[in-house]
Amino acid sequence: MILSDLMIDTSWSLFLDRDGVLNKRIVDGYVKRWEEFIWLPGVLDALKILSGLVGPVIVVSNQQGVGKGIMTEDALVKIHSMLINEVKKQDGRIDAIYYSPHLATSRAFMRKPDVGMGLRARKEFPGIQFRKSVMAGDSLSDMLFGRRLGMKTVFLSGTMHDLRKGHKLIDFNFPDLWTFAETIQSLQSAVRHPQSPISTSPPHHFTISPPSYPHTPNAKS
Ligand SMILES: [Mg+2]
């Protein structure tokens with residue numbers, strides 16, 4: 001897959017994981033109230049940019065803290081309404097947040113990597129076409145969810161930089177949502193202003209899963 005496969009426009013949909021993509025993931029724990037929800041750097045700006053470029057922006061999130069009884073579904077819904085408001089205040093948009101309260105052990109259809117949340121989103125947003133959708137997440141479970149639905153998969157590696165590079169479930173690799181948004185924006189403005197093409201070489205701080213060219217030995221030798 002090459003970068004121009006990410007030439008997305010408003011006929012596309014964007015699916016986002018929550019923890020580790022929008023907010024700081026709490027290792028071995030859960031965001032139980034709004035005060036514990038810490039935005040990752042650049043996310044609100046990224047959502048502002050992406051909201052102007054794509055169709056539906058949908059969050060799909062596993063929240064088994066609810067199933068475990070560590071937090072209530074009410075608390076989760078409250079956090080999500082705060083989240084949506086905050087994004088709106090910064091001129092961005094999240095159209096819906098789907099969550100799975102089920103336990104990992106339940107292997108529920110509504111829990112990633114199974115596809116239930118995606119199918120529900122498409123039912124409620126008939127404009128969604130999975131082949132024109134991107135799933136961006138920070139786990140291979142997100143990538144499998146996206147792949148099963150025929151989406152493009154974008155792995156946001158964060159501090160695990162490069163670790164998953166080249167994994168078969170991953171189409172594209174970026175460090176964070178901001179870099180992804182910036183790239184999509186550059187691609188689109190290159191289409192709108194073909195006389196001033198952007199550089200095709202990425203800035204040093206982001207990586208894209210490269211096509212694995214076999215090493216060609218120097219013909220001279
Ligand atoms: Mg995550």
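How many helices and strands are there in the protein? In this predicted model, the protein contains six helices and six strands, which follow one another along the sequence in the pattern β-α-β-α-α-β-α-β-α-β-β-α. The average pLDDT of the protein is 88, with 85% of the residues scoring at least 70. Over residues 201-221, however, pLDDT stays under 50, and for this stretch the model has 19 contacts beyond four places in sequence.

Of the 221 residues in the protein, 35% are buried. Where contacts join residues at least 6 apart in sequence, 65% of them link residues at least 24 apart. The largest nonpolar core comprises 49 residues, among which L50, V134, A136, V154 and L177 touch the most other members. For V154, the residues touched, leaving aside those up to four places away in sequence, are V134, M135, A136, D171, F172, F174 and F180.

Strand 2 was examined together with the elements beside it. Six of the six residues of strand 2 are buried, so this strand is largely enclosed by the rest of the structure. In a regular strand, side chains alternate between the two faces of the sheet; in strand 2, V57, V59 and S61 point one way, whereas I58, V60 and N62 point the other way, and all are buried. Strand 2 pairs with strand 1 in the parallel sense over three bridges, and L14 stands opposite V57. The connection from strand 1 to strand 2 passes through helix 1, forming a right-handed β-α-β crossover. Strand 2 is also joined to strand 3 (residues 96-100) by five bridges, again in a parallel arrangement, with Y99 of strand 3 as the bridge partner of S61.

Helix 1 itself contributes V43, A46, L47, I49, L50 and S51 as its buried residues; of these, L50 is one of the core residues that touch the most other members. The cover over the buried residues of helix 1 includes strand 1 (13-16), strand 2, helix 3 (73-89) and helix 6 (177-192).

The loop between helix 1 (43-53) and strand 2 (57-62) holds V54, which counts as buried because 22 C-beta neighbours lie inside 10 Å, the threshold being 20 or more. Apart from residues up to four places away in sequence, V54 touches I8, T10, W12, S13 and L14. The C-alpha atoms of V54 and S133 are separated by 9.5 Å, although these residues are 79 residues apart along the chain.

How values were computed:
Residues numbered from 1 in each chain as written. Predicted model: local features only at pLDDT ≥ 70, side-chain atom pairs only at ≥ 80, totals over all residues. Core = buried A, V, L, I, M, F, W, Y, C linked by C-beta atoms within 7 Å. Buried ≥ 20, exposed ≤ 12 C-beta atoms within 10 Å, placed from the backbone. Contact = placed C-beta atoms within 7 Å. pLDDT = per-residue confidence, 0-100. Helix = DSSP H or I, 4+ residues; strand = E, 2+ residues; numbered from the N terminus. Pairing = 2+ DSSP bridges. Right-handed = clockwise from strand over helix to strand, strands pointing away.
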